[in-house]
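Welcome! Let us take a friendly walk through a protein model, looking at its cysteines, its open spaces and its rings.

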Amino acid sequence: MSQNFKMIAKTLFGLEEVLEQELKQLGAMNIKRGVRMVEFTGDQGFMYKANMMLRTAIRILKPIYSFRARTEVDLYDGIYQYDWSKHLTHHDSLAVHGTIASQYFNHSQYVALKTKDAIVDQIRNKTGQRPDVDTKHPDLRISVHINDQNVDVSLDTSGEPLYKRGYRDKTNVAPINEVLAAGIILLSNWDQRSTFIDPMCGSGTIAIEAAMIGANIAPNINRPEFGFEKWPDYNNELFENIQASCLKKMREFDGKIISRDADGYTVEKAIENVKNANLTDFISVEKGDFFRDHQSASAFLMFNPPYDERISVDVEEFYKSIGDTLKQRYAGSTAWMITGNLEALKFVGLRPSRKIQLYNGKIEAKLVKYEMYKGTKKLHKVRAREEEK
């Protein structure tokens, strides 16, 4: 029976609690939430499962050792003292990623370079040959995190970030990150029965993630490769068993998911991405203008409108039109909207019932919820009380 070990799931700011819940449901142990990360323990099989099934994790790290360093010599020596032959031969390639929050080290790329030098020197001194550096497709990805004097060295079990699901060949100008798309759906507590509409779908990411949640499809089931598949201790039989187990957990989903956009070319790209994800049975992709569409009674809307970062719009007019359209055409619906233009929200002219701070990459964003009552809010409360009696 394989041993348990500590792992760290990295995520986006604001999604830590969602990721913690995902890990609990998967059966992780010793869960500890932090900022942009959640620690947990599990065995090798759980490591495979976490990479395949977690919707809100960006990558899964496996810490291997820690030491203290205040200078570049300390850093080099600390890395050199570890036996890297356990993970790497001179035939293999490596890549190093550094993150720092320290008064002693200023540049993450320099930290990555010194780490790489120490590893390469150790293997060359032992074997006479050195491993290659390959930042695109390495055999081993190493993560070095320095917090003040504390240096934590981890192996990256995921390889490419886990938001690269493998379905999105075609993107629009400003696509939403797949992890963020899954996160906002899970934050919204969508009941999976209401008609789900993304009225400004772009590349179709939000609808695709919603369909995978609805049918309980592992988000990375179609992914071509994980980092751990190149490791010396990789167990293909165990991996295939985990994969088969994930497929068995899929469930029937009869809900209606609509992915809509006003731009015909964008719709074509979304159709292609839905096809890549094998979700054409679950998602209807259609051309339609949010501002002119007919009312969809009791729909659940979730969308990522342009916010003048990479797509040029008249922000005030555009966001005012969003508010007017929700009031006039979507009475009885619930609308969730994420935007990176925090000033734009005041032009919507509606009071959100919830506001959640997030980050879309490096851009601070807000996820807001608007409940579109039929009639006045006061009337809605009266009706709700009558229904309870």
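## Cysteines without bridges

Cys-201 counts as buried, because its relative accessibility is 6% and the cut-off for buried is under 20%. Cys-246 is buried as well, with a relative accessible area of 2%. Keep in mind as you look around that this is a predicted model. How many disulfides does a search of the whole structure find? The search finds zero.

## The largest pocket

Now turn to the open spaces. The largest pocket holds about 1,300 Å³ of space. Its lining is made of 48 residues, and the closest to the pocket's centre are Lys-10, Arg-59, His-97, Thr-99 and Ser-143. Sorted by class, the lining of this pocket has 23 nonpolar, 15 polar and 10 charged residues.

Which element gives the most to the lining of the largest pocket? That is strand 5, with eight residues. Several other elements supply at least two residues each, among them strand 1 (5–10), strand 3 (37–42), strand 4 (59–68) and helix 4 (108–127). Strand 7 (140–147) and strand 8 (150–156) also belong to this group.

## The second largest pocket

The second largest pocket has a volume of about 670 Å³. There are 24 residues in its lining, and Gln-21, Glu-22, Gln-25, Arg-55 and Leu-186 lie nearest its centre. The elements that give two or more residues to this lining are helix 1 (16–26), helix 2 (44–53) and helix 5 (178–188).

Helix 1 provides the largest share of the lining of the second largest pocket, with six residues. By class, this lining has 11 nonpolar, six polar and seven charged residues.

## A closed space

Besides pockets, the structure holds one cavity of 30 Å³ or more. The volume of the largest cavity is about 30 Å³. Which residues line the largest cavity? They are His-87, Leu-88, Asp-92, Asp-139, Leu-140, Lys-230 and Trp-231. By class, the lining of the largest cavity has three nonpolar, one polar and three charged residues.

## Rings that pair up

The structure holds 24 aromatic pairs. One of them is formed by Trp-190 and Phe-253, which meet edge-to-face, with 6.0 Å from centre to centre and 75 degrees between the planes. Trp-190 lies in the loop between helix 5 and strand 9 (196–198), while Phe-253 lies in the loop between helix 7 (236–248) and strand 10 (257–261), so this pair ties together parts that are 63 residues apart in sequence. Are these two rings buried or exposed? Trp-190 counts as buried because its relative accessibility is 6%, and Phe-253 counts as buried because its value is 10%.

Phe-290 and Phe-303 form a tilted pair, at 5.5 Å centre to centre and 40 degrees between the planes. Phe-290 is in the loop between strand 11 (283–287) and strand 12 (300–303), and Phe-303 is in strand 12, so the pair ties together parts that are 13 residues apart in sequence. Both Phe-290 and Phe-303 are buried. They also belong to one aromatic cluster, together with Phe-291, Phe-318, Tyr-319 and Tyr-330.

## Charges over rings

Rings can have charged partners here too. The charged end of Lys-62 sits over the ring of Phe-5, 4.3 Å from the ring's centre. Arg-36 lies over the face of Tyr-359, at 5.5 Å from the ring centre.

## A few single residues

Ala-210 is found in helix 6 (residues 205–214). Ala-210 is buried, with a relative accessible area of 0%. Its C-alpha atom is separated by 9.9 Å from that of Met-302, although the two residues are 92 apart along the chain.

Which residue in the loop between strand 7 and strand 8 has a positive phi? Asp-148 has its place in that loop, and its phi is about 60 degrees although it is not a glycine. Asp-148 is partly exposed, with a relative accessible area of 30%. Gln-192, in the loop between helix 5 and strand 9, is not a glycine either, and has a positive phi of about 65 degrees. Gln-192 is partly exposed, with a relative accessible area of 26%.

Technical notes. Residues are numbered from 1 along each chain as its sequence is written. This is a predicted model: local features need pLDDT of at least 70, side-chain atom pairs count only at pLDDT 80 or more; totals for chains, interfaces and linings use all residues. Side-chain values use heavy atoms; hydrogens and water are left out. On a 1 Å grid over the protein atoms alone, a cavity is a set of points where a 1.4 Å probe fits but cannot get out, and a pocket is an open set with protein on both sides within 12 Å along at least five of seven lines; lining residues have an atom within 4 Å of a point. Grid points are joined across faces, edges and corners, and a volume is the space filled by probe spheres set on the points. Helices (H or I, at least four residues) and strands (E, at least two) are DSSP runs, numbered from the N terminus. Ala, Val, Leu, Ile, Met, Phe, Trp, Tyr, Cys and Pro count as nonpolar, Asp, Glu, Lys and Arg as charged, and the others, Gly among them, as polar. Rings of Phe, Tyr and Trp (its six-membered ring) pair if their centres lie within 6.5 Å; planes under 30 degrees apart count as stacked, over 60 as edge-to-face and the rest as tilted. Buried means under 20% relative accessible area, exposed over 50%, partly exposed in between (1.4 Å probe, protein chains only). A charge sits over a ring if NZ of Lys or CZ of Arg is within 6 Å of the ring centre and within 35 degrees of the ring normal. A disulfide is a pair of cysteine sulfur atoms within 2.5 Å.
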